[in-house]
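Subject: Structure handover and notes

Dear colleague,

I am passing on the structure we spoke about. Please look it over alongside the notes in this message.

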Amino acid sequence: MSNPYEETLDGVSFPRSAPGVRHELICERLHRAMTASVANLASTQLLPPRFKVQVARDTAICPDLALVTTVSGKLWLAVEIVHTGDHHADTVIKKEVYEQIRVPRLWMIDPRYDNVEIYHSTQFGLQLQGILAGSEVLGEKLIPEFQIVIAELFAVQPKTA
């Protein structure tokens with residue numbers, strides 16, 4: 001089980017409860033797939049899960065998965081796995097932060113509905129590009145080797161006897 005953590009939004013400390021087992025299983029699958037996919041990309045660095053990223057002078061967030069540029073350390077893909085018991089922080093508050101900092105890519109992974117919302121930054125803010133579910137494949141053209149089937153991402157791990 002993971003630990004509680006803390007983010008800072010506009011200078012205010014924002015404590016977050018520890019993610020649950022399913023959340024962590026999804027996060028682990030995503031990191032495993034992404035690690036293999038960015039291994040040969042010298043321009044991109046994958047940060048550890050919920051690594052604190054300073055995105056503004058008074059704002060530090062902890063995405064479940066974060067890709068930053070190697071040269072500048074700038075966040076360019078943020079992934080939030082919606083915390084089932086505390087979804088407002090991810091789906092509203094942090095989404096606004098990502099829009100303000102103009103993160104180029106945002107994926108909102110929602111275990112409540114087993115879907116993934118894909119957002120791209122535009123001159124008008126974050127724009128929903130699509131919602132993926134079931135047998136659809138999550139990918140990113142800037143990471144050509146990355147692909148994961150949505151159903152596999154959300155699969156319930158069988159219980160061992």
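The notes below take the chain as a whole and then a few residues in turn.

Please keep in mind that this is a predicted model.

Overall picture

The protein chain has three helices and twelve strands. A compact globule of 161 residues would have a radius of gyration near 15 Å, and the protein chain agrees with that, at 15 Å. Along the principal axes, the C-alpha atoms fill a box of roughly 50 × 35 × 25 Å.

Of the 161 residues, 43% count as buried. The exposed area of the protein chain is about 8,600 Å², with 55% of it supplied by carbon and sulfur atoms. If contacts are restricted to residues at least 6 apart in sequence, 48% of them join residues at least 24 apart. As for charge, there are 15 positive and 19 negative charges, and their mean positions lie 2 Å apart.

S2, before the β1 strand

S2 sits in the segment that precedes β1 (5-9). Its relative accessible area is 15%, so S2 counts as buried, the cut-off being under 20%. The side chain of S2 has two polar partners to look at. One is the backbone oxygen of P19, which the S2 side chain reaches at 3.4 Å. The other is E24, where a polar contact of 3.4 Å joins the two side chains. Beyond its neighbours within four places in sequence, S2 is in contact with A18, P19, E24 and R50.

L47 and H31

L47 belongs to the loop between β3 (44-46) and β4 (53-56). L47 is buried because its relative accessible area is 8%, which is under 20%. Setting aside residues up to four places away in sequence, L47 touches H31, V53, A66 and V68. P63 is 16 residues from L47 in sequence, and the C-alpha atoms of L47 and P63 are 9.3 Å apart in space.

H31, one of the residues that L47 touches, lies in helix α1 (residues 21-38). H31 is also buried, at 10% relative accessibility. Without counting its neighbours within four places in sequence, H31 is in contact with L46, L47, P48, P49, D64 and L65. L46 is part of β3 (44-46), and H31 in α1 is therefore in contact with a residue of that strand.

I93, in the α2 helix

I93 is placed in helix α2 (residues 87-101). With 25% relative accessibility, I93 counts as partly exposed, since that value falls between the 20% and 50% cut-offs. L9 is 84 residues from I93 in sequence, yet the C-alpha atoms of I93 and L9 are 8.8 Å apart in space. I93 also touches L9, along with F14 and H88, when residues up to four places away in sequence are left out. L9 falls within β1 (5-9).

K141, in a loop

K141 is found in the loop between β11 (137-140) and β12 (143-149). At 69% relative accessibility, K141 counts as exposed, because the cut-off is over 50%. The C-alpha atoms of K141 and A56 are separated by 27 Å, and the two residues are 85 apart along the chain.

Regards

Technical notes
Residues numbered from 1 in each chain as written. Predicted model: local features only at pLDDT ≥ 70, side-chain atom pairs only at ≥ 80, totals over all residues. Heavy atoms only, no water. Helix = DSSP H or I, 4+ residues; strand = E, 2+ residues; numbered from the N terminus. Rg over C-alpha atoms; globule rule 2.2 N^0.38 Å. Buried < 20%, exposed > 50% of the residue type's maximum accessible area, 1.4 Å probe, protein only. Contact = heavy atoms within 4.5 Å. Areas by Shrake-Rupley, 256 points an atom, 1.4 Å probe, with all protein chains shown as cover. Lys, Arg positive; Asp, Glu negative; His and termini not counted. Charge placed at Lys NZ, Arg CZ, Asp CG, Glu CD. Polar contact = N/O pair within 3.5 Å; in protein donor to acceptor, adjacent residues only side chain to side chain.
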